[in-house]
Amino acid sequence: MVEITIPKPDDWHLHLRDGAMMEGVLPYSARDFARAIIMPNLVPPVVTADDARAYRDRIMSALPKGLGFTPLMTLYLTEGTDPADVAQAHASGLVTAVKLYPAGATTNSHSGVRDLDKVMPVLEKMAAIGMPLCIHGEVTDPEVDIFDREAVFIDTVLEPLRRRIPELRITLEHVTTSNGVDYVMGAVANLAATITTHHLMINRNAILAGGIKPHYYCLPVAKRESHRLALRKAATSGDARFFLGTDSAPHVDPLKECACGCAGIFTSINTHSCLAQVFEQDDALDNLAAFASINGPAWYGLPVNTETVTLVRRDQPVTWPDKIETGDGPVTVFDPLLPIHWEIA
Ligand SMILES: NC(=O)N[C@@H](CC(=O)O)C(=O)O
Ligand SMILES: [Zn+2]
Ligand SMILES: [Zn+2]
């Protein structure tokens with residue numbers, strides 16, 4: 001096959017940031033995706049409906065003319081979040097989901113949740129109205145090895161939470177382990193997972209072998225090869241519980257290339273090329289639409305996009321810039337470490 005046409009994909013987990021950085025990265029998402037779930041971990045975070053409305057307005061004002069793109073807003077769950085504010089924001093269509101960051105788990109998560117008991121009223125309200133909870137699924141206990149934090153979260157936090165509120169619809173974000181894949185596959189209902197572009201393509205060697213490579217560092221950190229293969233299998237299977245969330249998370253190069261570099265990989269610019277390569281390698285191009293365009297809307301109760309995108313296989317490897325320039329500084333683009341032959345027609 002030399003080309004494939006699929007409904008225009010959506011990105012079910014995206015960091016657009018704010019200000020000059022947002023202006024720099026938004027055009028790439030708006031070009032290649034119809035909609036995206038916009039992560040709320042700004043500084044300060046997007047906590048209330050008013051915050052979400054103001055952030056959505058800033059995104060819409062920064063959107064290049066002629067590009068149709070719908071930001072699907074989320075609220076950052078804190079121990080002070082008001083269940084009524086959340087419910088109202090959802091009912092009005094302003095907000096699609098709520099995001100749970102365990103405090104300290106990842107970039108800009110210090111305002112996150114320390115004690116789940118404190119947010120039970122919000123979660124119960126969400127379960128009652130069918131509003132999804134997106135979760136960064138890692139424990140923050142310093143005693144737990146960083147490569148085990150997702151698996152331990154599933155056993156000690158997610159499973160108890162799902163037993164406590166079985167009606168709550170949960171998106172386990174950026175799943176990185178076979179434990180996560182198995183757990184989602186074992187769930188009868190109300191659980192789905194996003195998978196990033198980069199976790200399908202790299203394992204932890206990309207970060208640590210042959211010198212430390214900060215542009216491959218993200219959270220959850222990439223795991224060993226067997227986990228990557230489990231993610232590939234889940235993503236390319238067509239299983240409706242798995243869909244694309246790029247977790248494209250731009251940081252300017254000086255904040256990545258330093259003694260304590262930020263976590264996050266910028267992939268919104270080359271995700272479609274990378275994904276087509278992955279699905280071709282796994283002989284699963286027929287399931288690319290399910291993963292990138294169909295399973296996500298089904299989970300979020302939205303229509304599949306009517307616009308389509310055609311991906312073409314070129315004989316020669318395709319290229320893109322190593323870095324993009326933003327008003328805040330340069331941002332390095334994800335290098336998948338193998339030749340990519342696919343591009344948007
Ligand atoms: N994925 C990352 O490594 N970083 C994200 C936060 C997140 O999604 O955990 C960021 O905001 O930079
Ligand atoms: Zn996260
Ligand atoms: Zn993220």
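## Exercises on a predicted model

In an unreviewed entry, UniProt lists K99 for "modified residue: N6-carboxylysine". The exercises below concern a predicted model, and they begin with this residue before turning to the chain and to two further positions.

**Exercise 1.** Work out which strand holds K99, decide whether K99 is buried or exposed, and list the residues in contact with K99 beyond its neighbours within four places in sequence.

*Solution.* Start with the secondary structure, where K99 falls within strand 5, a run that covers residues 95-100. Next, take the relative accessibility of K99, which is 1%; because buried means under 20% relative accessible area, K99 counts as buried. Finally, set aside the neighbours within four places in sequence and collect the contacts of K99, which are H13, M39, P40, L75, Y76, L77, C134, I135, H136 and E173.

**Exercise 2.** Determine how the radius of gyration of the chain compares with the globule rule, and describe the extent, burial and contacts of the chain.

*Solution.* Begin with the elements, since the chain has eleven helices and 13 strands. The radius of gyration is 19 Å, close to the 20 Å given by the globule rule for 345 residues, so the chain is as compact as a globular protein of that length. Along the principal axes, the C-alpha trace spans about 55 × 45 × 40 Å. Of the 345 residues, 58% are buried, and among the contacts with a separation of 6 or more, 74% join residues 24 or more positions apart.

**Exercise 3.** Find the sign and number of the charged side chains, and say how far apart the centres of the two sets lie.

*Solution.* Count each set in turn, which gives 29 positive and 42 negative side chains. Then compare the positions of the two sets, whose centres lie 1 Å apart.

**Exercise 4.** Place N270 and T236 in the secondary structure, and establish for each residue whether it is buried or exposed and what it contacts.

*Solution.* Take N270 first, which sits in the loop between helix 9 (253-256) and helix 10 (271-281). Its relative accessibility is 1%, so N270 counts as buried. Outside its neighbours within four places in sequence, N270 is in contact with W320, V333, F334 and P336; P336 is 66 residues away along the chain, with 9.4 Å between the C-alpha atoms of N270 and P336. Turn then to T236, which belongs to helix 8 (residues 225-236) and, at 10% relative accessibility, counts as buried. With its neighbours within four places in sequence left aside, T236 is in contact with V278, F279, D282, A284 and N287.

Methods. Residues numbered from 1 in each chain as written. Chains lettered and ligands numbered in written order. Predicted model: local features only at pLDDT ≥ 70, side-chain atom pairs only at ≥ 80, totals over all residues. Heavy atoms only, no water. Helix = DSSP H or I, 4+ residues; strand = E, 2+ residues; numbered from the N terminus. Rg over C-alpha atoms; globule rule 2.2 N^0.38 Å. Buried < 20%, exposed > 50% of the residue type's maximum accessible area, 1.4 Å probe, protein only. Contact = heavy atoms within 4.5 Å. Lys, Arg positive; Asp, Glu negative; His and termini not counted. Charge placed at Lys NZ, Arg CZ, Asp CG, Glu CD. UniProt positions renumbered as here; feature names shortened; annotations may be inferred.
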